[in-house]
2 protein chains.
Amino acid sequence: MSLLVVGSIALDSVETPFGVTEDALGGSAVYFGVAACLLHPLQVVGVVGADYPFERLERLARRGIDLSGVVRAEGESFRWKGRYSFDLQNRETLETHLGVFADFEPDIPEAFRDARFVFLGNIDPTLQLRVLDQIHEPTLVACDTMNFWIDGSRDVLLDLLKRVDLLMINDAEARQLSGDWNIYRAARWILERGPRYVVIKQGEYGAVLVDDTDVFYVPAYPLEEIFDPTGAGDAFAGGFMGYLARTGEVSPDNLRRAMVFGSAMGSFAVEAFSVNRFQEIDGTDVAERVHRFGELVRFEITADIEHVGR
Amino acid sequence: MSLLVVGSIALDSVETPFGVTEDALGGSAVYFGVAACLLHPLQVVGVVGADYPFERLERLARRGIDLSGVVRAEGESFRWKGRYSFDLQNRETLETHLGVFADFEPDIPEAFRDARFVFLGNIDPTLQLRVLDQIHEPTLVACDTMNFWIDGSRDVLLDLLKRVDLLMINDAEARQLSGDWNIYRAARWILERGPRYVVIKQGEYGAVLVDDTDVFYVPAYPLEEIFDPTGAGDAFAGGFMGYLARTGEVSPDNLRRAMVFGSAMGSFAVEAFSVNRFQEIDGTDVAERVHRFGELVRFEITADIEHVGR
């Protein structure tokens with residue numbers, strides 16, 4: 001079933017203890033796309049400036065990413081520059097140039113309006129709402145947000161929550177949004193405001209899916225080498241939504257598998273700078289990593305465990 | 001098979017956002033014991049002062065905890081006083097009075113020297129080594145340590161590592177010990193120094209078991225209410241070692257189950273002050289929580305996942 005992402009398309013300059021990149025492909029829609037396309041074709045809506053190396057994006061089209069919703073506007077592309085600490089735990093933003101992204105007004109092409117699975121990347125919640133106004137009958141709408149909007153556009157964000165099925169945010173954002181430091185209470189607070197599901201990402205630890213009756217936990221994949229955490233959350237979203245779109249079914253068991261695909265894609269994202277790792281892998285690598293997740297958490301409940309209770 | 005723990009027996013005064021306790025039962029051997037005894041009888045070696053409310057300890061004996069290795073010395077008991085931040089993420093030590101614990105010299109009763117499963121709670125590594133000198137032929141020796149010994153008794157600690165089968169520490173300690181911020185590299189560093197297994201506890205996120213070929217991750221149990229994190233790590237160790245002693249077999253699958261029992265016991269520990277929660281639960285509660293862990297991480301790898309790779 002059709003999959004649509006609306007989000008940023010950026011040029012990232014990133015410094016980690018392992019190296020530096022300059023004007024590399026980045027942005028939420030790009031990280032989402034390179035992950036999701038390994039599972040399902042998708043449509044992208046976004047904006048780039050006249051200076052964007054569009055041919056680098058076009059190479060992604062060969063992988064099933066439809067870029068006909070990406071506007072090439074007059075002006076400069078969105079650029080972000082950041083630096084990570086030695087242990088990759090902290091990130092400092094050095095520069096942000098919004099460029100054409102400042103005036104981004106998502107216009108969903110007619111051909112995309114029937115999208116069944118929709119991911120609203122981290123943009124102004126006012127724009128996220130306008131996207132929803134243009135979508136006919138989605139099966140599942142998921143959205144991301146960040147501290148900037150939680151702080152500055154709280155009311156609009158709460159309006160948005162009433163209209164999305166799933167909120168996908170990190171633990172710090174969940175705490176900020178709910179005002180509660182306990183992430184399970186924070187999840188319940190969010191569920192009471194609209195979404196049927198909430199996914200709280202916990203960085204190097206993993207992610208948790210919570211709904212009214214169920215909790216599912218997927219750890220982060222154990223990696224001895226992490227090069228660049230940028231985009232891990234968007235790649236997670238791409239794996240999650242890509243798997244749902246591929247299977248077309250929002251069942252509890254499929255949502256659990258979607259979480260595992262999400263965590264797998266997040267782990268690929270951090271193994272190299274920018275989206276480079278996704279240019280090296282194919283579905284076989286993804287399937288293999290998903291199998292390893294099974295092994296990572298597998299334990300059998302044996303009959304003797306019942307005797308503990310006797 | 002016989003299970004022995006050597007560790008501290010303390011009186012804890014703890015302040016959390018939810019209340020205050022004064023001179024409550026605490027210490028590594030006590031938290032370990034109340035958890036382990038739900039799975040297997042155990043023997044405790046430790047010291048208390050003349051002022052210790054020994055009858056409160058003796059009530060635990062009815063649960064299968066053999067206290068005949070606990071010395072009642074002249075002097076004051078070990079007391080610890082601490083305060084947690086509003087979100088329980090940070091702990092400040094307000095007072096530490098070692099009392100009789102300062103001169104603790106573990107003398108393992110003859111009847112305990114055949115112990116097959118041994119847990120060396122967080123005490124001076126010199127004393128941990130002396131305990132090992134008194135044990136005849138253990139099947140598995142696990143030990144804990146802390147920043148104080150990693151910093152101040154590094155060489156002795158490295159000697160100890162050559163003689164234990166399993167090191168169980170938290171992530172900050174693993175990083176401090178190895179000098180590496182990546183916990184999987186830190187685990188490998190530790191494995192190269194002696195232990196066959198390392199368990200790295202990650203607090204509210206869970207814990208990971210690493211050996212030469214395998215990684216197993218168990219999340220923390222999702223709790224909306226956490227009252228007092230004190231002793232969670234020792235209760236984890238009690239559940240882990242109690243399950244191994246109960247089953248008597250150190251197989252890869254049993255170690256995985258032991259991790260789940262550990263995480264279950266850690267989750268009970270934080271649900272009330274001191275060891276109070278353990279006085280309310282029995283094996284049925286433990287078995288039920290272990291089942292819930294199964295549900296928490298369960299996902300099925302379906303045939304369609306193979307097609308991702310095609």
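Helices and strands on this tour are DSSP runs, numbered from the N terminus, and two residues are in contact if their C-beta atoms, placed from the backbone, lie within 7 Å. Keep in mind that you're looking at a predicted model.

**Stop 1: a helix across three strands**

Select α9(B), then add β11 (197–201), β12 and β13 of chain B. The helix α9(B) lies across those three strands, running at about 160° to β12(B). Now hide the helix and look at the strands beneath. β12 (residues 206–210) of chain B and β13(B) run antiparallel, joined by five bridges. For one facing pair, pick Val210(B): Val215(B) in β13(B) stands opposite.

**Stop 2: the rest of that sheet**

Zoom out to the whole sheet. It's an open one with nine strands and mixed pairing, and you can walk through chain B in the order β5-β4-β1-β8-β9-β10-β11-β12-β13. Which strands sit at the edges? They are β5 (65–73) and β13 of chain B, each pairing on one side only. From one strand to the next, the twist averages 15°.

At the β5 end, bring up helix α2 (residues 54–61) of chain B. This helix packs on the sheet, touching β4 (42–49) and β5 of chain B, and its direction makes about 160° with that of β5(B).

**Stop 3: two helices crossing in chain B**

Next, show α6 (residues 171–178) of chain B together with α7(B). Their axes are 9 Å apart and the helices pack at an angle of about 60°, which makes α6(B) oblique to α7(B). The crossing of the pair is left-handed. To see the contact itself, show side chains for Asp171(B), Ala174(B), Arg175(B), Leu177(B) and Ser178(B) on α6(B), and for Ile183(B), Ala186(B), Ala187(B), Trp189(B) and Ile190(B) on α7(B). Colour them by class and you get seven nonpolar, one polar and two charged residues.

**Stop 4: where the chains touch**

Keep α7(B) on screen and switch on chain A. Here 38 residues of chain B are in contact with 38 residues of chain A. Which elements of chain B supply at least two residues each to the side that touches chain A? Select α7 (183–191), β13 (215–219), α9 (252–269), α10 (283–297) and α11 (304–308). The largest share, nine residues, comes from α10(B). Sorted by class, this side of chain B has 20 nonpolar, eight polar and 10 charged residues.

Now try superposing the chains. A rotation of 180° with 0.0 Å of shift along its axis puts chain B on chain A, at an RMSD of 0.0 Å. The two copies are thus related as by a two-fold rotation axis. The same surface serves both copies, with 100% of the contact residues of chain B recurring in chain A.

**Stop 5: a sheet in chain A**

Finish in chain A with β3-β2-β6-β7, the strand order of an open four-stranded sheet with mixed pairing. Its edge strands are β3 (19–26) and β7 (91–97), and each pairs on one side only. Ignoring direction, neighbouring strands of this sheet are turned by 15° against each other on average.

Then isolate β2 (residues 10–16) and β6 (residues 78–84) of chain A: these strands run parallel, with six bridges joining them. For a last click, pick Glu15(A) and find Arg83(A) of β6(A) opposite.

Notes: Residues numbered from 1 in each chain as written. Chains lettered and ligands numbered in written order. Predicted model: local features only at pLDDT ≥ 70, side-chain atom pairs only at ≥ 80, totals over all residues. Nonpolar A, V, L, I, M, F, W, Y, C, P; charged D, E, K, R; others polar. Least-squares fit on C-alpha atoms with pLDDT ≥ 70 in both. Axes fitted to C-alpha atoms, helices over the stretch in contact; angles between N-to-C directions. Parallel < 35°, antiparallel > 145°, perpendicular 65-115°, else oblique. Left-handed = near helix turned anticlockwise from the far one by under 90°. Pairing = 2+ DSSP bridges.
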